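Please look through the sequence and the model below, and keep both at hand while reading. The paragraphs that follow lead from the overall make-up of the chain to particular residues and their partners.

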Amino acid sequence: MSPLLKAAVRRALVSQPLASAYHGRANGFGALRLAFALAVVLSHTAALGFGRPLLHRVDLGALAVAGFFTISGFLVVGSARRNSVPRFLWHRALRIWPGLWVCLLFTGLVVAPLLYLDRHGTLDGLWRSPGGVLDYLRLNWWGGLRQFGIADLLRGDTPYWHWQGGNTINGSLWTLAYEIYCYLAVAVLAALTVLRRQLRWVTLLAVVAVFGVLCWNHLRPGAALWTSGAVGPLPMLGALQKTYLLWFGFMFLAGGAAELYRDRLPMNDLLGVLALGTVGWLAVRGDFVGPGVYAVDGAFFAPALLAYAYAVLWLAVRLPRVLHRVGRDNDYSYGVYIYSFVVQQVLAKFGLPALGVAGFFLVSAVLSLGLAMLSWHLVEKPALRGKDWTPPALREPPDDRPGQDGPDVPALPGRAAGAEPDPAAAPAAG
């Protein structure tokens with residue numbers, strides 16, 4: 001056996017804790033988030049451009065969003081452990097809402113009027129009528145997608161309409177309500193001190209419980225638990241479907257538990273390859289599909305989700321170093337996610353699917369990335385500069401004690417002095 005092969009085998013058999021393998025900002029989370037965002041664009045290419053699913057055996061879009069939730073669970077729980085609850089919620093609000101608000105305004109005040117003029121030759125009835133722009137902004141402002149379309153903008157004009165009858169102008173936004181729900185759940189756990197080392201077993205117990213429910217729903221589809229109906233409607237977020245809460249909640253919990261137990265979770269190349277192989281094998285078999293009716297209709301996806309969560313974390317610490325730069329300083333994944341659906345619906349309305357699947361995907365991906373870059377540099381990044389802002393009433397004066405060269409700078413509320421910066425600068429963008 002050659003020395004290189006021997007070294008590769010030894011490395012594959014050696015494990016190290018996730019805490020040792022994960023190094024601050026030197027990881028592949030940014031590259032994975034961007035890849036997941038582009039996977040959603042690719043999945044929507046078939047649905048929005050051609051009125052059909054991209055793949056029949058696996059829902060690529062749902063798989064990508066599940067990856068987002070795994071990463072989000074890991075990073076967001078880490079953020080909650082380093083910050084006070086108010087500071088944590090402030091960080092999450094800055095990351096989600098400014099970008100979302102500008103996207104909604106762009107959709108309602110730029111895209112909608114242009115489409116309405118093209119359809120009606122006037123703007124009368126667009127703004128204040130039921131289902132108009134003002135209702136769209138009011139109902140969706142806080143992250144819950146409670147109005148999917150605006151007036152009759154896309155009615156009868158797109159492949160997606162002819163396939164699903166959907167007048168949806170930005171369907172990607174619906175997962176943000178589940179993301180925000182997970183943030184609020186983490187805040188509650190942090191307030192109850194459950195995220196501390198002594199009580200971290202509570203989160204692990206929750207992972208086991210939800211995993212058990214997923215397995216039960218496969219084995220006993222006739223007696224499935226928590227798969228019909230919704231939670232809510234909740235303030236701001238609207239109603240959350242139980243099936244999707246199980247799917248996304250499990251992935252978020254798995255990522256969060258990995259952060260809590262990162263000192264014990266082994267990162268092993270052999271396990272990583274086996275996890276990826278398991279996901280691929282089940283996808284080829286058609287046993288790894290998205291949430292919804294398929295989740296309780298013969299698709300045994302619970303073990304696949306567990307393997308997938310491990311594979312995502314393993315890739316984050318094993319991707320080549322050159323990919324660690326992706327998203328480290330400029331994270332465009334959220335912008336790609338929230339703008340791509342609008343872009344693709346407009347392109348589909350005006351006949352761009354004539355370019356074929358590859359051409360439609362490339363054009364929509366480039367335009368979405370361009371809007372994402374504008375969103376990051378003009379909205380998201382400037383907003384994140386305020387994450388350490390403290391209300392004047394809560395600021396502590398510097399302690400100028402004699403005999404020192406300068407004042408002691410107090411630690412920011414909710415963060416210990418010298419603590420590492422918050423790596424959870426971007427959410428799961430789901």
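The secondary structure of this protein, which is a predicted model, consists of 14 helices and four strands. Of its 430 residues, 49% count as buried, and the surface that the protein exposes amounts to about 19,700 Å², of which carbon and sulfur atoms supply 66%. When contacts with a separation of 6 or more are considered, 77% of them are accounted for by residues 24 or more positions apart. Several of the pairs discussed below can be read with that figure in mind.

A convenient place to begin is the hairpin, where strand S2 (residues 230–234) pairs with strand S3 (residues 238–241) in the antiparallel sense, over three bridges. Within this pairing, Ala230 has Gln241 as its bridge partner in S3, while Val231 stands opposite Leu240 of that strand. Three residues lie between the two strands of the hairpin, and Met236 takes a positive phi there, near 70 degrees. For a reader who inspects the side chains of these strands, it may help to recall that in a regular strand the side chains alternate between the two faces of the sheet.

Among the helices, H6 (residues 133–140) has a set of buried residues, namely Val133, Asp135, Tyr136, Leu137 and Asn140. Against which element do the buried residues of H6 pack? They pack against helix H5. When following such a set along a helix, one may bear in mind that an α-helix has 3.6 residues a turn, so residues three or four places apart point the same way.

Helix H5 (85–120) is also one of the two helices that flank the loop in which Asn83 is located, the other being helix H4 (60–82). Although it is placed in a loop, Asn83 has a relative accessible area of 9%, and it is therefore classed as buried, the cut-off being under 20%. A polar atom of the Asn83 side chain lies 2.8 Å from the backbone oxygen of Ser79.

The charged side chains deserve a longer look. Side chains of opposite charge can pair when their charged atoms come close. In this model the count comes to twelve salt bridges. One of them joins the side chains of Arg33 and Asp331, with an N to O distance of 3.3 Å. This pair links distant parts of the chain, since Arg33 belongs to helix H3 (residues 29–50) and Asp331 to the loop between helix H12 (302–318) and helix H13 (333–349), with 298 residues separating them. Both Arg33 and Asp331 are buried.

A further salt bridge is formed by the side chains of Arg95 and Glu380, at 2.8 Å from N to O. Here too the pair links distant parts of the chain, with Arg95 in helix H5 and Glu380 in helix H14 (residues 356–384), 285 residues apart. Arg95 counts as buried because its relative accessible area is 1%, and Glu380, at 1% relative accessibility, is likewise buried. How are Arg33, Arg95, Asp331 and Glu380 linked? These four residues are linked in a network of salt bridges.

The side chains of Asp263 and Arg197 also meet in a salt bridge, with 3.0 Å between N and O. Asp263 lies in the loop between helix H10 (242–260) and strand S4 (266–268), whereas Arg197 lies in the loop between helix H8 (176–191) and helix H9 (201–219), so that the pair links distant parts of the chain, 66 residues apart. With a relative accessible area of 30%, Asp263 is partly exposed.

Helix H14 returns with Val357, which is found in it. Is Val357 buried or partly exposed? It is partly exposed, because its relative accessible area is 29%. Val357 and Ala46 are 311 residues apart in sequence, yet their C-alpha atoms are 7.0 Å apart in space. Leaving aside residues up to four places away in sequence, Val357 touches Thr45, Phe50 and Arg52.

Finally, the cysteines can be considered. The model has zero disulfides by the rule applied. Cys103 is buried, with a relative accessible area of 0%, and Cys215 also counts as buried, at 15% relative accessibility.

Methods: Residues are numbered from 1 along each chain as its sequence is written. This is a predicted model: local features need pLDDT of at least 70, side-chain atom pairs count only at pLDDT 80 or more; totals for chains, interfaces and linings use all residues. Side-chain values use heavy atoms; hydrogens and water are left out. Two strands pair if DSSP finds at least two bridges between them. Buried means under 20% relative accessible area, exposed over 50%, partly exposed in between (1.4 Å probe, protein chains only). Contact means heavy atoms within 4.5 Å. Accessible areas come from the Shrake-Rupley method with a 1.4 Å probe; for residues, only the protein chains shown count as cover. A disulfide is a pair of cysteine sulfur atoms within 2.5 Å. A polar contact is a pair of N or O atoms within 3.5 Å; within protein, one must be able to donate a hydrogen and the other to accept it, and residues adjacent in sequence count only if both atoms are side-chain atoms.
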